[in-house]
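Me: I have a model open and want to learn how to read it. Can we go feature by feature?

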Amino acid sequence: MSKLTLLACSVLGLPAIVTAQDASAWRDSAYRITAELRVVRDSIAREESGMEEIARRPGLLVSATTKYQPIAAEVLARFDSTRRRWFGEAFPAAEGFRIVLRTGDRWSTRRRGGGEHSLMIIGLPDGEAASRVSPLVRESELRGPEEATRSFLDQFGRMMMGATGAPLQRWIPTGIPLMISDAARREAAMYALVTGDGPAQRDCVTGVLAACGYVLGLRESATPDPGAKYLPLARADLLLTALDLGGPGAWDRLPDAPGASIEAHLAAAAGMPPDSLLARWRNGLLALRPDHGPLDVPTIAILLGWSGLVLIGALGIARWV
Amino acid sequence: MLKAMIRLQWKACWHIVVTLSAAALALPIVSVRTGWRGTGEHLPRFLIELQLWGLFYPAMAAVTAVVLAAAIWASDRRGHHIYALLLPIPRWRYVLLRYLAGLGLLLPVVLALWIGAVIATASLDMPPGLRQFPHSLTAKFALALLLLFGLAFAAAAASRRALGIGFRLLGLFVAVHVAVILLDPGTNLIWRVVSALATWPGPFAPLGGRWMLIDV
Amino acid sequence: MSTAIEMKGLRYSASREFSIQDLTLKVPAGALYGFLGPNGCGKTTTIRLLLGLLRPHAGTVRLLDRALPAGLPDALARTGVVPDRPHLHRYLTVGDALDFHGAFYPGWDDKWARELLGEFRLLPRQRISKLSKGETAKLMLLLALCQMPELLVLDEPMDGLDPVVRRDVLTALLDYVSRRSATVFVSSHLVHELERFCDWVGVMDRGRLVVELPMEEFRNGNKRIRLARSASVEPSGAPFTLLAREHQAGEVETWAVRGWRPEMAGWFDQRGIAVREVTDLDLEDGFVELLRAFRAQHAGGEVPCSRQ
């Protein structure tokens, strides 16, 4: 039986145990549960102690069990580079953080796989109050350095958003998409912007910043029936745009102006007024919009020109005698 | 002579043309149908999926070009080009006849794609912000097919001597590439050549880019 | 135009083991030229050089008064070719092949093509890949004839065909030649095949032309002469060509000669040798003796001489 199975059984079994009729029996059961939980925690700790430290960077280190040791150093490098770009030196907690990604036995399956394997990034000093997360993930999420880095950034982004406080976390409930490329994220946000067909969404495209504020969940609408708002991806893109515009230290400025609106937090991060931020965000996305269809004159010229050259070549090399 | 050549090539390749045309007809319809879930919040995802489907257009052009070019020249190659060489026309003219007749075989495939694109877009209620490009997508496909067919045609028509020279040059290039890498590990000749071919004004630059039947 | 085909000093090396050397050959216009030689002597290679399918390393070729390779398309427009192996597109039907072939020749006689189809018992809907060897040979000849060419080049057209098919092919060929006065250049390793209708013969062996002369001379000039040998006599200075000599029991010698004429008996009289008997050498025997003498000479030896 896997450790998580044991833990789950222990938790699920608690009501049955509590229905024991006399207090001493209940007390004995409670002691048993506590002992079992300690066994599971110790087992997890033993598991982690089976990992080897592979590489270090200022404030970070990576450890892995045998299976993931070959990719660990590269994962740490990529993770660190992206983390610094968006969050500077900030961690989810002053005491650091720990993200352990596990693959292997699932608590829902009965068959044993090849055993559990883990890859762990620790943000030092990794104190008792450090933010921790240890999800069981699919093997494909740790298949290579790129996939593993994405998985770590996904978890780290959620931890960082959690650390900002409830309003911002509620504003982007899906977390920050750090694991996709800037180009892919911006393109998806552009699609969301230009395909919105609600009244406020159309107004935002045409340049009404108040409408943009509404559809991004930052402001109330002044008009009746403004229509739908944009997907959380657009909000995440706005947040990341604000961090990009704000440059180094942008994330640290984000929680400034406590009690203020989300718009004010974003503006603080970006280092500019809210309307300027919204205008820059909107214009940036509209600039990504293709200005022509699949075919344009240069493409036609290239294809026809090269086709002609190829035909001449074909006539020349078909010399069978 | 061109009519006779077209009839000859149609006899040899009609089953291939029909198969490829069916695939070309289906491609735009399937690409739109699998992702379309109406307007609203599904649209960004639909457009991203459509972008991925866009990879199938240059791939389809490549497959069509290679298969048809090989089929066109198969009989001549089997007979060591003797029949062609005994005809009372210069060799280059025979090759040109084969090429022009080959273009005729590409037409049904292009037409099928165009019909499929028109059907796919006509069946949708386009929201504001989206534009349809059945005609220009088909035109781009046709031009890409023209280029790729030319390349495949040249390779299939090449004499053994020309192919031998080609392979030897390729081998020499690989040898130079290895030597350069040993001297300067940062230099990658193969990557430079591939980049030159795949970026403007290289011939394969247009094969990348946007192949969107529906776009913003 | 007095010469349909002219090759001068042709050289071509197919491999280390085989080459065409200094081939000079002339086919008069209107001739029915039989190109004889054993298997592997270079007949097909020569024909390919003639038709521009191979490029010679040295020498010149003129076909119907056009110099190759520049004048090749013009010459091929007036030349019907039946190669040694089928070269047609196998996925076509007989009818398709006629339509395709006819599109390239302005002089194509479609009416005659359909008539020949009937005579050859070929059906337009038959697929070429399903034709027998004889049917394929007839189709190739039909395609060559219906172009109405001035020159027909046939490489081993009867090879592997049954007598009935051979007769059909020969009849069609002779019929065409009689109508059009075309020149025919036909190769074979079977002497008797060419004897019946050729009026010129060229013999090839090991990449070289052995002899080229009118068929009448080739047929009639080859003799077997029985001599009463009183003393050994050398053939140097003889007005004929000695191919082989054979010593027999007693005082008798038998010579195989080429280019014999009756008055040449006087040459033996002058040397005091009695000519006992002069008989015709059968064409095939003459061909064999000719080759033997040629090979012996090129090996650096004398005329082959055997004893009984």
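Me: Start with a strand pair. Which residue of β13(C) does L227(C) stand opposite?

Reply: L227(C) faces E253(C) across the pair. Keep in mind that this is a predicted model.

Me: How many bridges hold those two strands, and in which sense do they run?

Reply: Read the sense and the bridge count together. β11 (residues 223–228) and β13 (residues 252–258) of chain C pair antiparallel, over six bridges.

Me: Which other strand does β11(C) pair with?

Reply: Check the second side of the strand. Six bridges also join β11(C) to β14 (residues 274–280) of chain C, and the two run antiparallel. One residue pair to look up there is R224(C) with T279(C).

Me: What should I expect of side chains along a strand?

Reply: In a regular strand they alternate between the two faces of the sheet.

Me: Now a whole sheet. What is the strand order in the four-stranded sheet of chain C?

Reply: Read the order from edge to edge. The order is β2-β1-β4-β5 in chain C, an open sheet with antiparallel pairing. The edges are β2 (19–28) and β5 (66–67) of chain C, each pairing on one side only.

Me: How many bridges link β1(C) to β4(C)?

Reply: Five bridges join β1 (residues 3–13) to β4 (residues 58–63) in chain C, and these strands run antiparallel. R11(C) has A58(C) as its bridge partner in β4(C).

Me: Which helix lies across these strands?

Reply: Look for a helix over several strands at once. Helix α1 (residues 43–50) of chain C lies across β1, β2 and β4 of chain C. Its direction is about 115° to β1(C).

Me: On to helix packing. At what angle do α10(A) and α13(A) pack?

Reply: Take the angle and the axis separation as a pair. Helix α10 (residues 232–246) and helix α13 (residues 274–287) of chain A pack at about 110°, with axes 10 Å apart. α10(A) and α13(A) are therefore roughly perpendicular to each other.

Me: Which residues meet at that packing?

Reply: From α10(A) come L238(A), T241(A), A242(A) and L245(A). From α13(A) come L277(A), R280(A), W281(A) and G284(A). By class, the contact has five nonpolar, two polar and one charged residues.

Me: How is chain A divided into domains?

Reply: Start with the bounds, then ask how the parts touch. Domain 1 covers 52–163 and domain 2 covers 182–286 of chain A. Their C-alpha centres lie 30 Å apart. Four residues of domain 1 of chain A contact six residues of domain 2 of chain A. On the domain 1 side, three are nonpolar, one is polar and none is charged.

Me: What about between chains? How many residues does each of chains A and B put into their contact?

Reply: Count each side separately. Chain B gives 44 residues and chain A gives 31. On the chain B side, α2 (43–53), α5 (91–122) and α6 (134–157) each supply at least two residues. α6(B) gives the most, with 13 residues. By class, the chain B side has 32 nonpolar, seven polar and five charged residues.

Me: Last, confidence. What is the average pLDDT of chain A?

Reply: Look at the average, then hunt for weak stretches. Chain A averages 84, and 84% of the residues score at least 70. Residues 1–10 of chain A stay under 50, with 16 contacts beyond four places in sequence in the model. Residues 107–112 of chain A are also below 50. That stretch has five contacts beyond near neighbours in sequence.

How values were computed
Residues are numbered from 1 along each chain as its sequence is written. Chains are lettered from A and ligands numbered from 1 in the order in which they are written. This is a predicted model: local features need pLDDT of at least 70, side-chain atom pairs count only at pLDDT 80 or more; totals for chains, interfaces and linings use all residues. Two residues are in contact if their C-beta atoms, placed from the backbone, lie within 7 Å. Ala, Val, Leu, Ile, Met, Phe, Trp, Tyr, Cys and Pro count as nonpolar, Asp, Glu, Lys and Arg as charged, and the others, Gly among them, as polar. pLDDT is the predictor's confidence in each residue, from 0 to 100. Two strands pair if DSSP finds at least two bridges between them. Axes are lines fitted to C-alpha atoms, for helices over the stretch in contact, and angles run from 0 to 180 degrees between N-to-C directions. Angles under 35 degrees count as roughly parallel, over 145 as roughly antiparallel, 65 to 115 as roughly perpendicular and the rest as oblique. Domain bounds come from an automatic or database domain assignment.
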